[in-house]
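The following exercises concern salt bridges, enclosed cavities and strand pairing in one protein model. Each task is followed by a solution in steps.

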Amino acid sequence: MRRYICIHGHFYQPPRENAWLEEVELQESAAPYHDWNDRINAECYDANAFARLLGEDGTIRGIVNNYSWMSFNFGPTLLSWMERHQPTTYEAILDADASSMSHFGGHGSALAQVYNHIIMPLADRRDKVTQVRWGIRDFEHRFKRFPEGMWLAETAADTETLEVLAEHGIRFTVLSPYQAARVRDSDGGSWINVHGGKVDPRVAYRCNLPSGRSIDLFFYDGPVSQEIAFGDLLYNGGNLANRMLGLLPAPSDSDEGSLAHIATDGETYGHHHRSGEMALAFCLEQLRRSDDVQVTIYGQFLDMYPPTRDVEIVERSSWSCVHGVERWRAACGCNSGGNPRWQQQWRGPLREALDLVRDSLREVYERKAGDIFRDPWEVRNRYIEFMIDRSPSGFRRFIAAEAPGLDPRYHELTVTLLEMQRNCLLMYTSCGWFFDEISGIETVQILQYAARALQLCRKVGGSDPTPRFLQVLKRAPSNIPHHPTGDAVYTRYVSEQSVELERVAVHFAVTRLFQIEDAGSTLSGFEVTPIEVIREEAGRNRLVAGMVRVRSRITTEERRIVFAVLNLGDHNLFGGAISAGKIGNWAEQRIRYQRQFLHHETPRLIVELDETFGSDTKILEQLFIDDQTAVIDQMMTAPQLALHESHRKLITENYAMLQSISRMGGKLPEDLHHTVRRVLTRDLQRAFGQDVLDVAYIDTCVQEFIRWNMRPHGEEFSLTVSQRLCRLMDELAERPDEISAIDALLFTLDFIDDFGVDIDLSEVQNRFFLLCRSTFEEGRLSDDEWTQALLYLGEHLNMDAEASVEETRHLSS
């Protein structure tokens, strides 16, 4: 008996992009990170790409890419975000799949995934096909090969889903052991009932389909997967390795193969279980060093041991609902467990409401797209080509391929129809039903996609089903009293967030007014071209006015829009934006605004702005969250500075008394203690954020902390220091022969050691490791001063630089 082990990670986050902006907006609950994708990337995705192996003394002796030695899949929408925002992690994942092919007989570690994680058994065949086609094409684009396997959202499966996978060349998928109904030997024999997770997970199975096709299935080990996800197996990588080995029979001379394999959410390794990626790295290392077991992946195992048993599945089943797939359409009782008294009666009406939108908009699409394309649904399947490449050239290629010779006047209509369909698919992302409350961020997200689809329907002149949609949502009860039903949730959190081109122009105007740096970074879905812009200041008052051309980079919708916004030095903003076609003589009007502002005719100016743009424009509320936060921060700068200075004055005026109490070991009143620490931390944080590191000033701040017997505190402070270390490491990589960069790094690391401040060093360690790898692999290792300083820096980072590179090279071979 030959023994094999495979560990699979399902790495996935729901699409979080604002449906209009095509970017993830600030999520305060993910602080100190920008959003949950960003946070989970740091805790899990990047952590697994640079997983630590520790020596007995706790020193990092190696950094390895876990993805190279495990089976994994990433959601396409997550990879799309990662490619733009975390390119280092993204490239490490692609590199891992490429290098894994040398480990696993030409088979890559990566599996594809149905595109946006919809529950396939609840979709009709048309949507199933699109999900699979998009998932395959996105995988080919990124990994440069055809996928052997495909992960199903929540492993939810029925026969039609398996048919669609097989029809499109997918060789296998992975299911829960509770999804196997009965098995038999492939050469005949009686069926054996294996309901209730009784299937033997150590072999592959063949599922013969009604069409005459077949697909191979693996059923992961349920108990061990549960222990990893919800137990304590990840506290020790050696225990995990032993637990996996314990699933296998003893080695023998038999030619048969036995596979121990588990499958969990990939976020288990680092996000759900802190340092779980290190346990995984150690486990994989131990298994690879073992003489009587081989680490493998599913494709390689299938080549070596094709299925000799047939299987039939439990129809409409999944890995996360004991009731099949009811969790995504009914109050079946499955929930997160975080709110045991809450109900989920909203799930059924939510799906019914979205089905109404889907069916209504299908009629619109079929009728209008049928005038453009011979087969509108096949074009939808190929729309992934433009989704992959949103550039103008990508748009031209798509139109040339699908509608050669199409009159450019119909380009906007064409893409609007296809975007309507894309949003109709995105609104079925499974997370919208998974949790406990209809107003949760995951459900609001899919309602946002529904709102975007409805908006696009109106733009193409289709019959608008919104009133009927809201009527159905009204039957979806919330657990939160101030928005008791689904329609109230939609009105409060979704419909008011709708974006038209005028809102984009208002956003542009206000960020210009407040001179926000990097403004518009969340506007990747739009292109704003200034035609004329004036900005005036008079004391605390500010005015901006002008004309811009706003264009959707996706639908190509475009208009000229005029705007004017007045700020009187407080939180009040007057003005707005309107289509240029609705204004008679804009140049004359703009000049009049400017003259009134400069002549301090403020009341008259406000009246005119109200007459043109309306008096209830809620300009600040119209800003998109990231830049809205920046504007509010700027508005609050003076009050915050005044508060800080009042605190400093309080400390200065009472310094001798407070210090005497502190030196005597007396306890300061809690409010005073927090005030002193807050002032000192703010000063030190500002020092680490400066363009040039002022070592003398930082040392002064440190001495003050010592006098007060205090330490800096706060996640924001820790993140500032971590980011500073990364900047210094980048400077060292760019100018490796400058000792000053190493000196600055050592100074900062000494500060961290002296104070015992909790700073996440993982990212700076990663960058140091990459620098060492390139240095040592290029043969630059010598006894010169710089190399010795580099090794010394590694000690301060708890890394044996030379050994970690050698260990990693050994493990990669």
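A salt bridge is taken here as a side-chain nitrogen of Lys or Arg within 4 Å of a carboxyl oxygen of Asp or Glu. The model is predicted, local features need pLDDT of at least 70, side-chain atom pairs count only at pLDDT 80 or more, and totals for chains, interfaces and linings use all residues. Residues are numbered from 1 along each chain as its sequence is written, and side-chain values use heavy atoms, with hydrogens and water left out.

**Exercise 1. Salt bridges**

Task: Examine the salt bridge between R380 and D127, and state where the two partners lie in the chain.

Solution.
Step 1. The closest N and O atoms of R380 and D127 are 2.8 Å apart, and the pair forms a salt bridge.
Step 2. R380 belongs to helix α11 (residues 376–382) and D127 to helix α4 (residues 125–143); with their positions 253 residues apart, the pair links distant parts of the chain. Helices (H or I, at least four residues) and strands (E, at least two) are DSSP runs, numbered from the N terminus.
Step 3. Accessibility is classed as buried under 20% relative accessible area, exposed over 50%, and partly exposed in between (1.4 Å probe, protein chains only). R380 counts as buried because its relative accessibility is 2%. D127 is likewise buried, at 4%.

Task: Which accessibility class applies to R358, and which to D359?

Solution.
Step 1. R358 and D359 form a salt bridge with an N to O distance of 2.9 Å.
Step 2. R358 has a relative accessible area of 13%, so this residue is buried. D359 has 37% and is therefore partly exposed.

Task: Describe the salt bridge of R648 and E645 within its helix.

Solution.
Step 1. The closest N and O atoms of R648 and E645 are 3.9 Å apart.
Step 2. Both residues lie in helix α24 (residues 637–653), with a spacing of 3 residues, about one turn of the helix.
Step 3. R648 is partly exposed at 29% relative accessibility, and E645 is partly exposed at 39%.
Step 4. Elsewhere, salt bridges with shared partners join K459, E500, E502, E557 and R559 into one network. The search of the whole structure finds 53 salt bridges.

**Exercise 2. Cavities**

Task: How many cavities of 30 Å³ or more are there, and what lines the largest cavity?

Solution.
Step 1. Rolling a probe the size of a water molecule over the atoms shows where empty space is left. On a 1 Å grid over the protein atoms alone, a cavity is a set of points where a 1.4 Å probe fits but cannot get out, and lining residues have an atom within 4 Å of a point. Grid points are joined across faces, edges and corners, and a volume is the space filled by probe spheres set on the points.
Step 2. The count comes to 6 cavities of 30 Å³ or more.
Step 3. The largest cavity holds about 80 Å³ of space. Its lining has 10 residues, and V64, W69, A281, L284 and E285 lie nearest its centre. Helix α8 (residues 276–289) gives the most to this lining, with 4 residues.
Step 4. Ala, Val, Leu, Ile, Met, Phe, Trp, Tyr, Cys and Pro count as nonpolar, Asp, Glu, Lys and Arg as charged, and the others, Gly among them, as polar. The lining of the largest cavity then has 6 nonpolar, 2 polar and 2 charged residues.

Task: Repeat the analysis for the second largest cavity.

Solution.
Step 1. The second largest cavity holds about 60 Å³ of space.
Step 2. Its lining includes K459, E500 and E557, which also belong to the salt-bridge network.
Step 3. Helix α16 (residues 441–459) gives the most to the lining, with 3 residues. By class, the lining has 4 nonpolar, 2 polar and 4 charged residues.

**Exercise 3. Strand pairing**

Task: In what order do the strands of the open 4-stranded sheet follow one another?

Solution.
Step 1. Two strands pair if DSSP finds at least two bridges between them.
Step 2. The order is β15-β16-β17-β18, with antiparallel pairing. The edge strands, β15 (526–538) and β18 (573–579), each pair on one side only.
Step 3. β15 and β16 (residues 541–552) are joined by 12 bridges; V533 has G546 in β16 as its bridge partner.

Notes: 1 Å grid on protein atoms, 1.4 Å probe; cavity = no way out; pocket = protein on both sides within 12 Å on 5 of 7 lines; lining within 4 Å.
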